[in-house]
Each structure stands twice: as structure tokens, then as C-alpha cells.
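Here are my notes, as promised. Have the structure open while you read, and take the points one at a time.

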Amino acid sequence: MATPDPTSRQATIGPDTRLECKICWTVYDPALGDEVWQIPPGTPFSELPPHWTCPNCSCEKQHFLVLDD
Ligand SMILES: [Zn+2]
């Protein structure tokens with residue numbers, strides 16, 4: 001009986017999902033990785049190290065918002 005509800009679509013983080021820091025608007029793009037943290041290109045946001053923070057303002061991952069294209 002349960003039908004998928006498109007409005008319940010949570011901000012899921014896929015392998016190529018980009019996220020934006022809500023404090024300084026820095027975008028993490030998995031295709032580019034992160035030179036500051038020496039994250040190789042192709043690294044999904046979900047696979048960033050636990051101690052990873054915004055390379056610009058040092059805020060934590062929880063402050064990043066999913067970017068919808
Ligand atoms: Zn930031």
C-alpha cells in the first residue's frame with residue numbers, strides 16, 4: 001500500500017552530490033575533492049574523514065547543505 005512520496009525525499013548524499021557550507025558558501029564538489037585536506041577527486045562527501053571541516057571557515061560537516069542542481 002505504501003507508495004513512494006516524492007515530497008518525503010530527504011537530502012540524500014550520493015557519490016556525486018555537492019554540498020555547500022552554509023556559513024561561507026564554500027562548495028564541496030566530489031569531482032574535485034579538496035586540496036586543503038588532500039582529498040582526492042572522486043571522494044563522496046559521505047566518505048570524507050570524520051575530522052574533515054570546511055577548508056575555508058573550519059565549520060563542521062553538519063553545517064553543509066546539499067546543493068540541488
Ligand atoms: Zn565554510
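The points below go from the whole chain to the metal site and then to the sheet.

1. First, a word on what you're looking at: this is a predicted model. The protein has 69 residues, and buried ones make up 30% of them. Its exposed surface comes to about 5,000 Å², with carbon and sulfur atoms supplying 53% of that.

2. Now the secondary structure. If you go hunting for helices, you'll find zero, but there are three strands. Reading along the sequence, that gives you the pattern β-β-β.

3. Next, the zinc ion. Which residues hold it? The protein donors are C21, C24, C54 and C57, each using its SG atom, and they lie 2.3 Å from the metal. Along the chain, these donors follow the spacing C-x2-C-x29-C-x2-C. Try finding the two C-x2-C pieces in the sequence, then look for the x29 stretch that links them.

4. What is the arrangement of the four donor atoms around the zinc ion? It is tetrahedral, because the angles they subtend run from 101 to 118°, and the cut-off asks for all angles to lie between 85 and 135 degrees. As a yardstick, the ideal angle for four tetrahedral donors is 109.5 degrees.

5. Are C21 and C24 buried or exposed? C21 has a relative accessible area of 0%, so it counts as buried. C24 comes out at 22%, which makes it partly exposed, since buried means under 20%.

6. On to the sheet. The three strands form an open sheet in the order 2-1-3, and the pairing is antiparallel. Strand 2 (27-28) and strand 3 (64-66) are the edge strands, each pairing on one side only. In general, strands of a sheet pair through backbone hydrogen bonds.

7. Zoom in on strand 1, residues 19-21, which pairs with strand 3 in the antiparallel sense over three bridges. For one partnership you can check yourself, take L19: its bridge partner in strand 3 is V66. Notice too that residue 21, within the range of strand 1, is the zinc donor C21.

8. Just one more residue to visit: D16, in the segment before strand 1. With a relative accessible area of 63%, D16 is exposed. Its C-alpha atom is 6.2 Å from that of P44, although the two residues are 28 apart along the chain.

9. Finally, back to the whole protein. Take the contacts with a separation of 6 or more: 44% of them are between residues 24 or more positions apart.

Terms used: Residues numbered from 1 in each chain as written. Predicted model: local features only at pLDDT ≥ 70, side-chain atom pairs only at ≥ 80, totals over all residues. Heavy atoms only, no water. Donors = N, O, S within 2.8 Å, 3.2 Å for Na, K, Ca; no water. Tetrahedral: all angles 85-135°; square planar, octahedral: opposite > 155°, others 65-115°. Buried < 20%, exposed > 50% of the residue type's maximum accessible area, 1.4 Å probe, protein only. Pairing = 2+ DSSP bridges. Helix = DSSP H or I, 4+ residues; strand = E, 2+ residues; numbered from the N terminus. Contact = heavy atoms within 4.5 Å. Areas by Shrake-Rupley, 256 points an atom, 1.4 Å probe, with all protein chains shown as cover.
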